[in-house]
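Grab a coffee and open the viewer. Below are a few exercises, each with a worked solution to follow step by step.

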Amino acid sequence: ITICPVLLFLIILQGCTSLLVDYALWRERSQTGVSEKSVQVGDHKIAYLEGGRGDAVILLHGFGDNKDSWVRFARPLTPGYRVIIPDLAGFGDSTKRMDGRYDIAAQVKRIREFSRKLGAEKCHIAGNSMGGLISGIYAADYPDQVLSLGLIDPGGITDREPSGLSVLLARGVNPLIVETPEDFDRLLAFMFVNPPAIPRAIKKYLALKAVESRDFNKKIFSLAAPAGQLEARFNNITAPTLVIWGDTDRVFPASSAKVIEAGIKDSRVVIIKDCGHLPMVEKAEESAQHYLEFISKR
């Protein structure tokens, strides 16, 4: 991150790491051509990023994540597409209500209303992890509205082999929940083959934010979809489907990609080498090029 001397001085003077984080986010978003907006959907305010023109592309993040994980992935898309990246209800800057519904069916309905409000009912939709499961169910529920489906290390497939996540959960450890600031490094190591280099002050800030969301994330994790929920809907998915999977995913095994390829008629699989659960972050340029090539033919 390149920071002008005056801004760096102010950050040091005020000891305000949040300013540095805000600047880094603004810089990344500006380079991609997206800006932050919000819209009311039912009883939730949904924050989202939007930029570009053309057919709509909706990108959905996974559990514990937020919209900014897609920004670099979206960079080659905005010149030719209207890219829309929401914070799912309960995450990021969207509303968190302890009495709200955050099961997969509720999130799918919210994305449907969200797309209507933005005039993006006919769209390409893609998601990672939990966002992939939501995208897949969306495509099954609203087949006439989906131009293409992108599944990036999605949930909802019954494991054919033990995953790193299932092994740890059986031991009573959930690596996706940050209980203490020290757990943040464990989370990064679990999600990536090569964790991103994050300045110490920013990492501490992000770790504390993750700890603040601990109880809420536990609530949402307790609503985890039954194994095979997406798999059960394969026959209802008619959209051309691209599956992207990191070869070293510890959350969901890469072998699940072949299950989707065999189950969804018009689908193809790309396995990203030396990559974990978040290809759109760890291998943003490579993943985006595969995705852009795929949707440009639809």
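**Warm-up: cysteines**

The structure holds 0 disulfides, where a disulfide means a pair of cysteine sulfur atoms within 2.5 Å. As a reminder, a disulfide is a covalent bond between the sulfur atoms of two cysteines. Before going on, note that this is a predicted model, in which local features need pLDDT of at least 70 and side-chain atom pairs count only at pLDDT 80 or more, while totals for chains, interfaces and linings use all residues. Residues are numbered from 1 along each chain as its sequence is written, and side-chain values use heavy atoms, with hydrogens and water left out.

**Exercise 1.** Work out whether Cys123 is buried or exposed, and do likewise for Cys275.

*Solution.* Start with the cut-offs: buried means under 20% relative accessible area, exposed over 50%, and partly exposed in between (1.4 Å probe, protein chains only). Cys123 has a relative accessibility of 0%, so it counts as buried. Cys275 also comes out at 0%, so it is buried.

**Exercise 2.** Find which side of helix α10 faces inward by sorting its buried residues.

*Solution.* First, locate α10 at residues 256–263; helices (H or I, at least four residues) and strands (E, at least two) are DSSP runs, numbered from the N terminus. Next, pick out Ser256, Ala257, Val259 and Ile260, which are buried. They cover an arc of only 160 degrees around the axis, so they sit on the same side of α10; the arc is that of the directions from the helix axis to the C-beta atoms. Now flip to the other side of α10, where Lys258 and Ala262 are exposed. Last, look at the partners: the buried residues of α10 pack against β6 (146–152), β7 (241–246) and β8 (267–272).

**Exercise 3.** Describe how α2 and α8 cross, and say which residues make the contact.

*Solution.* Take α2 (residues 17–32) and α8 (residues 200–212). Their axes come within 9 Å and cross at roughly 95 degrees; axes are lines fitted to C-alpha atoms, for helices over the stretch in contact, and angles run from 0 to 180 degrees between N-to-C directions. That makes α2 roughly perpendicular to α8, a label for angles of 65 to 115 degrees. On the α2 side, Thr17, Ser18, Leu20 and Val21 make the contact, and α8 supplies Ala201, Ile202 and Tyr205; contact means heavy atoms within 4.5 Å. Sorted by class, there are 5 nonpolar, 2 polar and no charged residues. Here Ala, Val, Leu, Ile, Met, Phe, Trp, Tyr, Cys and Pro count as nonpolar, Asp, Glu, Lys and Arg as charged, and the others, Gly among them, as polar.

**Exercise 4.** Place Glu28 and list its contacts beyond its neighbours within four places in sequence.

*Solution.* Glu28 belongs to helix α2. Its relative accessibility is 17%, so it counts as buried. Leaving those sequence neighbours aside, Glu28 touches Val71, Arg72 and Arg75.

**Exercise 5.** Check the backbone and burial of two loop residues, Ser129 and Asp153.

*Solution.* Ser129 lies in the loop between β5 (123–128) and α5 (130–141). Ser129 isn't a glycine, yet its phi is positive, about 60 degrees. With a relative accessible area of 8%, Ser129 is buried. Turn to Asp153, in the loop between β6 and α6 (164–170). Asp153 isn't a glycine either, and it has a positive phi of about 45 degrees. At 0% relative accessible area, Asp153 is buried.

Methods: Parallel < 35°, antiparallel > 145°, perpendicular 65-115°, else oblique.
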